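Grab a coffee and work through these short exercises with the structure open beside you. Try each task before reading its solution.

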Amino acid sequence: MSTKPQRVAAKRNVKKAQAAAKEQQTLKHLPARTRTALGKEAAAVRRGDAPTRKELYDEARRLEIPGRSRMGKADLKRAVAKGS
């Protein structure tokens, strides 16, 4: 059985965790133009018109591009294009 102070503290912790989770919903706070671009990129990947990050990473590994593990998809795309 928990005491009243424990219940109050637990409730406060839950509210803090919910607020933190709400703040981390970054996609919602991006400009519409950026969200549209991300959606188009995802659709191109699903259609097979654009490579996934994993595919780009594998190609970068084959080309022995340094720092590839810290690169995002756009960086990998540029590095692979430059390395080819």
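**Exercise 1.** Find how H3 and H4 cross: how close do their axes come, and at what angle?

*Solution.* Keep in mind that this is a predicted model. Start with the axes: those of H3 and H4 come within 9 Å and cross at roughly 40°. Angles under 35 degrees count as roughly parallel, and 65 to 115 as roughly perpendicular, so H3 and H4 are oblique to each other. Next, the hand: the H3–H4 crossing is left-handed. Finally, pick out who touches whom. H3 brings Arg53, Leu56, Tyr57, Glu59 and Ala60 to the contact, while H4 brings Lys73, Leu76, Lys77 and Val80.

**Exercise 2.** Sort out the two sides of H3: which residues are buried, and which exposed ones sit on the face turned away?

*Solution.* H3 runs over residues 53-62, and its buried residues are Leu56, Tyr57 and Ala60. Look down the axis of H3: these buried residues fall within an arc of 100°, so they line one face of the helix. Now flip to the face turned away from that buried side, where you'll find Lys54 and Arg62 exposed. As for what covers the buried residues of H3, helix H4 (73-83) is included.

**Exercise 3.** Do the same for H4: which residues are buried, and which are exposed on the other side?

*Solution.* The buried residues here are Leu76, Ala79 and Val80. They span an arc of only 100° around the axis, so they end up on the same side of H4. Over on the other side of H4, Arg78, Ala81 and Lys82 are exposed. The cover over the buried residues of H4 includes H3.

**Exercise 4.** Put the pieces together: which residues make up the largest nonpolar core?

*Solution.* The core has 8 residues in all: Leu56, Tyr57, Ala60, Ile65, Met71, Leu76, Ala79 and Val80. H3 and H4 each supply at least two of them. Zoom in on alanine 60: setting aside neighbours within four places in sequence, this residue is in contact with Ile65, Arg68, Leu76 and Val80.

**Exercise 5.** Check the backbone just after H3: what is odd about the phi of glutamate 64?

*Solution.* Begin with the usual expectation: most residues other than glycine have a negative phi. Glutamate 64 isn't a glycine, yet its phi is positive, about 55°. Then place the residue: glutamate 64 lies in the loop between H3 and H4. Last, buried or exposed? Over 50% relative accessible area counts as exposed, and glutamate 64 has 66%, so it is exposed.

How values were computed: Residues are numbered from 1 along each chain as its sequence is written. This is a predicted model: local features need pLDDT of at least 70, side-chain atom pairs count only at pLDDT 80 or more; totals for chains, interfaces and linings use all residues. Side-chain values use heavy atoms; hydrogens and water are left out. Buried means under 20% relative accessible area, exposed over 50%, partly exposed in between (1.4 Å probe, protein chains only). Helices (H or I, at least four residues) and strands (E, at least two) are DSSP runs, numbered from the N terminus. The arc is that of the directions from the helix axis to the C-beta atoms. Contact means heavy atoms within 4.5 Å. A nonpolar core is a set of buried Ala, Val, Leu, Ile, Met, Phe, Trp, Tyr and Cys residues joined through side-chain atoms within 4.5 Å. Axes are lines fitted to C-alpha atoms, for helices over the stretch in contact, and angles run from 0 to 180 degrees between N-to-C directions. Angles under 35 degrees count as roughly parallel, over 145 as roughly antiparallel, 65 to 115 as roughly perpendicular and the rest as oblique. A crossing is left-handed if the near helix is turned anticlockwise from the far one by less than a right angle, and right-handed if clockwise.
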